[in-house]
Amino acid sequence: ALMLNSDTTNINTVLVLCPVNTLYNWSVEWNKWLPITLRDYHVWIMNDKANSKRVNKLERWSITGGVMIMGYEMFRNLSQLKNIRRKKHKEVLPKYLLDPGPDIIICDEGHVLRQEKSNLSVAVNQVRTRRRIVLTGTPLQNNLEEYFTMVSFVKPNLLGTLKEFRNRFVNPISNGQCSDSQPQDVRQMKQRAHVLHQLLNGCVDRRDYRILAESLPPKYEYVVNIRMSPLQEE
């Protein structure tokens, strides 16, 4: 809908970053839910080996619009000009990928951005657009500091600095989760967790397995007893 109404949304170029083994999955799903007969833009897959072909494809995408599906490592290498030798390529790649870059960026398996100072996180955060979406199946309670990095990418400064976030949420929530935590620590943990949940309501859309329950086939479990072999009996 964002691209079909580009006159209103001003979204013409979409960059999808994902693990390289899901590049074609994204293309298949896009064409499944929005076939080419129902849209007026192209879906590109960045799978070229030569830098000249990569730059050419990015140029066409930048001019004509559409969806560019690219692996994380490819994006990191191109945006940081790794192994880019031609001067012209060094000049245009930052323009296509970073500034002005895409109109919106979508990061699949977004927990790969969990390390704030990793080369990948630094590269992705250089994208100028503030229209950012992170998709991840990693639940909130797994690691709060990693969660902080993902949220800060989508909405910078919402959670403050990492030091502030540790003092406000990480430390009190961790203190209340120990087997020997005092009742007041548990109460503070619940209160801080509630505050964090409310704070993230405006930018985090949570979905669990129940959203797929109606479309999944019923689950059956069988117990099959098998006689042991003579060797196992010995």
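This briefing covers the nonpolar cores, two helix pairs and one surface lysine of the structure above. The model is predicted. Its largest nonpolar core has 27 residues, and a second, separate core has 15. Two helix crossings follow: α3 with α5, and α7 with α8.

**Nonpolar cores**

- The residues of the largest core that touch the most other members are L17, L58, M70, F75 and V124.
- Helices and strands both feed this core. The strands giving two or more residues are β1 (13-18), β3 (66-71) and β4 (104-107).
- The helices giving two or more residues are α3 (51-64), α4 (72-79), α5 (87-97) and α6 (119-125).
- F75 has contacts well beyond its sequence neighbours. Leaving out residues up to four places away in sequence, F75 touches L15, L17, M70, L97, L98, A123, V124 and V127.
- Among those partners of F75 are L17, M70 and V124, which are themselves listed with F75 as touching the most other core members.
- The second core is separate from the largest one. Its 15 residues include W26, L34, V43 and I104.

**Helix pair α3 and α5**

- The axes of α3 and α5 come within 10 Å. They cross at roughly 40°.
- Angles from 35 up to 65 degrees fall outside the parallel and perpendicular classes, so α3 counts as oblique to α5.
- The crossing is left-handed.
- On the α3 side, the contact is made by N51, S52, V55, L58, E59, W61 and S62.
- On the α5 side, H89, V92, L93, Y96 and L97 take part.
- By class, this contact has seven nonpolar, four polar and one charged residues.
- Two of these contact residues recur in the core: L58 is among the residues touching the most other members, and L97 is touched by F75.

**Helix pair α7 and α8**

- Helix α7 spans residues 144-154, and helix α8 spans residues 162-175.
- Their axes come within 10 Å and cross at roughly 140°.
- An angle has to be over 145 degrees to count as roughly antiparallel, so α7 is oblique to α8.
- The crossing of α7 and α8 is right-handed.
- From α7, the contact uses L144, E145 and F148.
- From α8, L162, F165, R166, F169, V170 and I173 meet them.
- The class split here is seven nonpolar, no polar and two charged.

**K163**

- K163 lies in α8.
- Is K163 buried or exposed? K163 is exposed, because its relative accessible area is 64%, and the cut-off for exposed is over 50%.
- K163 and E145 are 18 residues apart in sequence. Their C-alpha atoms are 10.0 Å apart in space.
- E145 is one of the α7 residues in the contact with α8.

Methods. Residues are numbered from 1 along each chain as its sequence is written. This is a predicted model: local features need pLDDT of at least 70, side-chain atom pairs count only at pLDDT 80 or more; totals for chains, interfaces and linings use all residues. Side-chain values use heavy atoms; hydrogens and water are left out. A nonpolar core is a set of buried Ala, Val, Leu, Ile, Met, Phe, Trp, Tyr and Cys residues joined through side-chain atoms within 4.5 Å. Buried means under 20% relative accessible area, exposed over 50%, partly exposed in between (1.4 Å probe, protein chains only). Helices (H or I, at least four residues) and strands (E, at least two) are DSSP runs, numbered from the N terminus. Contact means heavy atoms within 4.5 Å. Axes are lines fitted to C-alpha atoms, for helices over the stretch in contact, and angles run from 0 to 180 degrees between N-to-C directions. Angles under 35 degrees count as roughly parallel, over 145 as roughly antiparallel, 65 to 115 as roughly perpendicular and the rest as oblique. A crossing is left-handed if the near helix is turned anticlockwise from the far one by less than a right angle, and right-handed if clockwise. Ala, Val, Leu, Ile, Met, Phe, Trp, Tyr, Cys and Pro count as nonpolar, Asp, Glu, Lys and Arg as charged, and the others, Gly among them, as polar.
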